[in-house]
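Hi,

Here is the structure I said I would pass on. Could you have a look at it before you read my notes underneath?

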Amino acid sequence: MQPQDGADANPLMSFLPLLLIIVVFYFFMIRPQVKRQKETRKFRESLQKGDKVVTTGGIYGKVVKIEETAIQLEIAKDVVIKVDKNGIVKDLSDVQPQK
């Protein structure tokens, strides 16, 4: 008698599609997100007084004072607000002005 086709199959071949999905998921979803988080953390640590930034809420301002976990932003003349460091999204120094 001959063994059935399913009984002779390599167990690795049955897990190959699942492994392929996990590898693709890692390279297209997880790895870019980790890279983006590192860049954001590096940006927040490199903030200096006078930098122009945008908060997660869309408030544009200039860094006045940097504290341990918060940043004070000047959003208008003599108007200073305190924002959590994690609320700072991006630097405006490399953004071109709109015409």
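Two strands are taken as paired here if DSSP finds at least two bridges between them. With that settled, the hairpin of strand 1 and strand 2 has four residues between its strands, and G58 takes a positive phi near 90 degrees there.

One caution before the rest: this is a predicted model. Its pLDDT averages 85 over the protein, and 83% of the residues score at least 70. Of the elements, strand 4 has the highest mean pLDDT, 95, while helix 1 (residues 5-8) has the lowest, 54. Where pLDDT is low, the predicted coordinates should not be read in detail.

Next, the helical part. How far apart should the ends of helix 2 be, at 1.5 Å a residue? Helix 2 covers residues 11-45, so its 35 residues should span 51 Å; the end C-alpha atoms sit 48 Å apart, which agrees. Helix 2 also has a kink of about 40 degrees, centred on Y26. UniProt, in an unreviewed entry, lists residues 12-30 as "transmembrane region". In the model that stretch is 100% helix and 0% strand, with 24 Å between its end C-alpha atoms.

Now the strands. Strand 1 (residues 52-55) pairs with strand 2 over three bridges, in the antiparallel sense. Within that pair, V53 has G61 as its bridge partner, and V54 has Y60. Strand 1 is also antiparallel to strand 5 (residues 88-91), again joined by three bridges. There, T55 is partnered with I88.

Moving along the chain, strand 2 (residues 60-66) and strand 3 (residues 70-76) run antiparallel and are joined by four bridges. They form a hairpin with three residues between them. K62 stands opposite E74 in this pairing.

Strand 3 then meets strand 4 (residues 79-84), antiparallel once more, through six bridges. A76 faces V79 across that pair. The hairpin here has two residues between the strands, and D78 takes a positive phi near 60 degrees. If you check backbone torsions, D78 and G58 are two positive phi values to look at.

If you want one residue to click on, try Q72, which lies in strand 3. Which residues does Q72 contact, leaving aside its neighbours within four places in sequence? They are K62, V63, V64, K65 and E67, plus V80, I81 and K82. K65 is the bridge partner of Q72, and the Q72 side chain makes a polar contact with the side chain of E67 at 2.9 Å. Looking the other way along the sequence, V83 is 11 residues from Q72, yet their C-alpha atoms are 6.1 Å apart in space.

To put the pairings in one place:

- strand 1 with strand 2: three bridges, antiparallel
- strand 1 with strand 5: three bridges, antiparallel
- strand 2 with strand 3: four bridges, antiparallel
- strand 3 with strand 4: six bridges, antiparallel

That's what I have for now. Shout if anything looks odd at your end.

Cheers

Terms used:
Residues are numbered from 1 along each chain as its sequence is written. This is a predicted model: local features need pLDDT of at least 70, side-chain atom pairs count only at pLDDT 80 or more; totals for chains, interfaces and linings use all residues. Side-chain values use heavy atoms; hydrogens and water are left out. Contact means heavy atoms within 4.5 Å. A polar contact is a pair of N or O atoms within 3.5 Å; within protein, one must be able to donate a hydrogen and the other to accept it, and residues adjacent in sequence count only if both atoms are side-chain atoms. pLDDT is the predictor's confidence in each residue, from 0 to 100. The expected span of a helix is 1.5 Å times one less than its number of residues. The bend at a residue is the angle between axes fitted to the seven residues ending there and the seven starting there. UniProt positions are given in the numbering used here, feature names are shortened, and annotations may be inferred rather than shown by experiment.
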